[in-house]
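User: Hi! I would like to go through this model with you and hear the reasoning behind the labels. Could you take my questions one by one?

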Amino acid sequence: METAGDERDMGKPETLVVMVVAGIGDLVLATPALRALRLGHPDAAIHLMTNSQALPLAKNLPYVSKVWPFPVRDIIRDRKNMLAGAATLARLRALKPDVCVNLFKVKSKAGATRMKAAFAAIGASVRVGHDSFGFGSSLTVKAPEDFFIDRHVCESMLEMAKLAGGIPDGAGPDVFWDPESELKWRGFFDELSEGGAPVVGVNPGGDRRTKRLGADKFAAAADAVARERGASVVVFGGPGEEPAAAAVCSLATHAVPASLAGKLSLSDLAYALGRTDLLITTDSGPMHIAAAAGASVVCAFGPDDPRLTRPVVPEDRSRVIKLHRDCSPCFKSDCERPSCMEDIPAEDIARAAVELLDIRRAARESAEQ
């Protein structure tokens with residue numbers, strides 16, 4: 001691997017462009033890498049280009065100078081939106097950046113082609129990224145093809161930042177929200193937690209059908225924490241996930257959960273997850289937001305590999321529920337029978353949730369003594 005990524009080799013850059021054009025959860029996992037770049041280049045202007053959907057979180061990062069939303073989903077939906085993307089790249093080129101680094105992995109030949117075009121448009125003299133599917137021909141500092149294999153994505157992105165002169169601070173992912181989100185939802189969560197009741201979130205949605213869990217299993221877990229630990233339960237969900245949230249609420253029998261599905265902005269969601277003691281979820285963006293915001297997390301994993309994307313928190317704050325299947329991991333968007341998710345016992349989820357709530361309560365009581 002070429003290692004031209006330290007301060008000595010690349011001098012003291014005045015302007016860096018950092019690219020994390022991936023999912024919302026990936027942006028959260030990139031925050032240790034972004035902090036490392038700030039620590040390594042304290043006087044530089046750090047410009048972050050990220051997915052437009054992640055803007056409500058990205059714009060609050062205190063260690064980034066400016067955020068440039070890139071309409072990747074809009075471009076996929078309609079190529080006419082490429083003009084907006086090209087305009088963003090032109091504005092970044094006008095900054096005359098010294099360094100451009102793509103923190104995320106290159107997963108396909110098409111992705112490598114798009115990334116080559118973006119790097120060429122930005123025009124930085126030092127170009128750092130993943131040497132995969134031919135992208136290495138555009139780079140001056142290359143992370144090898146196997147860079148992201150068998151290692152958590154968060155750690156890999158942090159190592160990529162080190163190639164660009166980043167200095168790790170040893171802390172995990174973090175997340176920030178708008179003050180308006182707290183003002184809007186503080187009273188709601190104060191009421192849920194009245195009398196010291198733990199607040200438990202349930203997130204039944206997911207970006208792929210094969211990663212979703214049945215509403216009956218979420219409802220069973222919600223019933224368990226409400227019955228056994230007196231928890232207040234709130235169900236989350238993004239736009240379009242209201243039916244999944246409603247199904248959980250209708251199946252719960254011990255206490256009817258409150259539903260915030262479709263009611264929260266991304267900033268609101270970050271604040272709300274920060275007010276929960278525990279989130280029960282599948283592998284998803286909210287899983288990473290909750291972990292970064294301080295919640296404990298029970299996550300049901302199916303087709304994906306938890307070694308690569310599990311919550312980045314200490315063991316006493318997370319439990320991964322996963323069944324062994326010969327066909328897993330896989331990246332199918334559809335499956336005739338996704339047994340890796342369908343066969344997860346609701347009892348395992350409920351037991352893990354109660355266990356983490358007890359650990360959290362014991363830690364709180366110890367701190368108060």
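User: Which residue in β2 is the bridge partner of Val20?

Analyst: The partner is Thr50. Please keep in mind that this is a predicted model.

User: What makes β1 and β2 a strand pair?

Analyst: Two strands pair if there are at least two bridges between them. Strand β1 (residues 15-20) and strand β2 (residues 45-51) are joined by six bridges, so they meet that condition, and they run parallel.

User: Where do these strands sit in the sheet, and what is its order?

Analyst: They belong to an open sheet of six strands with parallel pairing, in the order β3-β2-β1-β4-β5-β6. At the edges stand β3 (66-70) and β6 (141-143); each has a single partner strand, so one side of each lacks a neighbour in the sheet. On average, neighbouring strands of this sheet are turned by 15° against each other, direction ignored.

User: Why is the pair of Phe147 and Phe148 called edge-to-face?

Analyst: Two cut-offs matter here: ring centres must lie within 6.5 Å, and planes over 60 degrees apart count as edge-to-face. For Phe147 and Phe148 the values are 5.6 Å centre to centre and 75° between the planes, so the pair earns that label.

User: How do you know that Phe147 and Phe148 are buried?

Analyst: Buried means under 20% relative accessible area. Phe147 has 7% and Phe148 has 8%, so both count as buried.

User: What makes Phe189 and Tyr271 an edge-to-face pair?

Analyst: Their centres are 6.4 Å apart, which is within 6.5 Å, and the angle of 85° between the planes is over 60 degrees, so the same reasoning gives edge-to-face. This pair links distant parts of the chain: Phe189 lies in helix α9 (residues 179-192) and Tyr271 in helix α12 (residues 266-274), 82 residues apart. Phe189 is buried at 0% relative accessibility, and Tyr271 is buried at 3%. Ring pairs also link Trp177, Trp185, Phe188, Phe189 and Tyr271 into a cluster. The structure holds seven aromatic pairs.

User: Why is helix α8 described as mostly covered?

Analyst: Eight of the 11 residues in α8 (residues 153-163) are buried, with buried meaning under 20% relative accessible area, so the description fits. Among them are Val153, Cys154, Met157 and Leu163. Just after α8, Gly165 takes a positive phi of about 90°.

User: What makes an empty space a cavity, and how many are found?

Analyst: A cavity is a space where a 1.4 Å probe fits but cannot get out. A search of the whole structure finds two of 30 Å³ or more. The largest has a volume of about 40 Å³, and its lining includes Leu27, Val28, Asp174 and Phe176. The second largest cavity holds about 30 Å³, and helix α13 (residues 285-293) gives the largest share of its lining, three residues.

User: How do the linings of the two cavities divide by class?

Analyst: The largest cavity has six nonpolar residues, one polar and one charged. The second largest cavity has six nonpolar, one polar and no charged.

User: And which classes line the second largest pocket?

Analyst: That lining has three nonpolar, one polar and six charged residues. Arg and Asp count as charged, so Arg229, Asp277, Asp358, Arg360, Arg361 and Arg364 belong to that class. The pocket has a volume of about 160 Å³, and helix α16 (residues 346-368) gives the most to its lining, with five residues.

Key. Residues are numbered from 1 along each chain as its sequence is written. This is a predicted model: local features need pLDDT of at least 70, side-chain atom pairs count only at pLDDT 80 or more; totals for chains, interfaces and linings use all residues. Side-chain values use heavy atoms; hydrogens and water are left out. On a 1 Å grid over the protein atoms alone, a cavity is a set of points where a 1.4 Å probe fits but cannot get out, and a pocket is an open set with protein on both sides within 12 Å along at least five of seven lines; lining residues have an atom within 4 Å of a point. Grid points are joined across faces, edges and corners, and a volume is the space filled by probe spheres set on the points. Helices (H or I, at least four residues) and strands (E, at least two) are DSSP runs, numbered from the N terminus. Axes are lines fitted to C-alpha atoms, for helices over the stretch in contact, and angles run from 0 to 180 degrees between N-to-C directions. Buried means under 20% relative accessible area, exposed over 50%, partly exposed in between (1.4 Å probe, protein chains only). Rings of Phe, Tyr and Trp (its six-membered ring) pair if their centres lie within 6.5 Å; planes under 30 degrees apart count as stacked, over 60 as edge-to-face and the rest as tilted.
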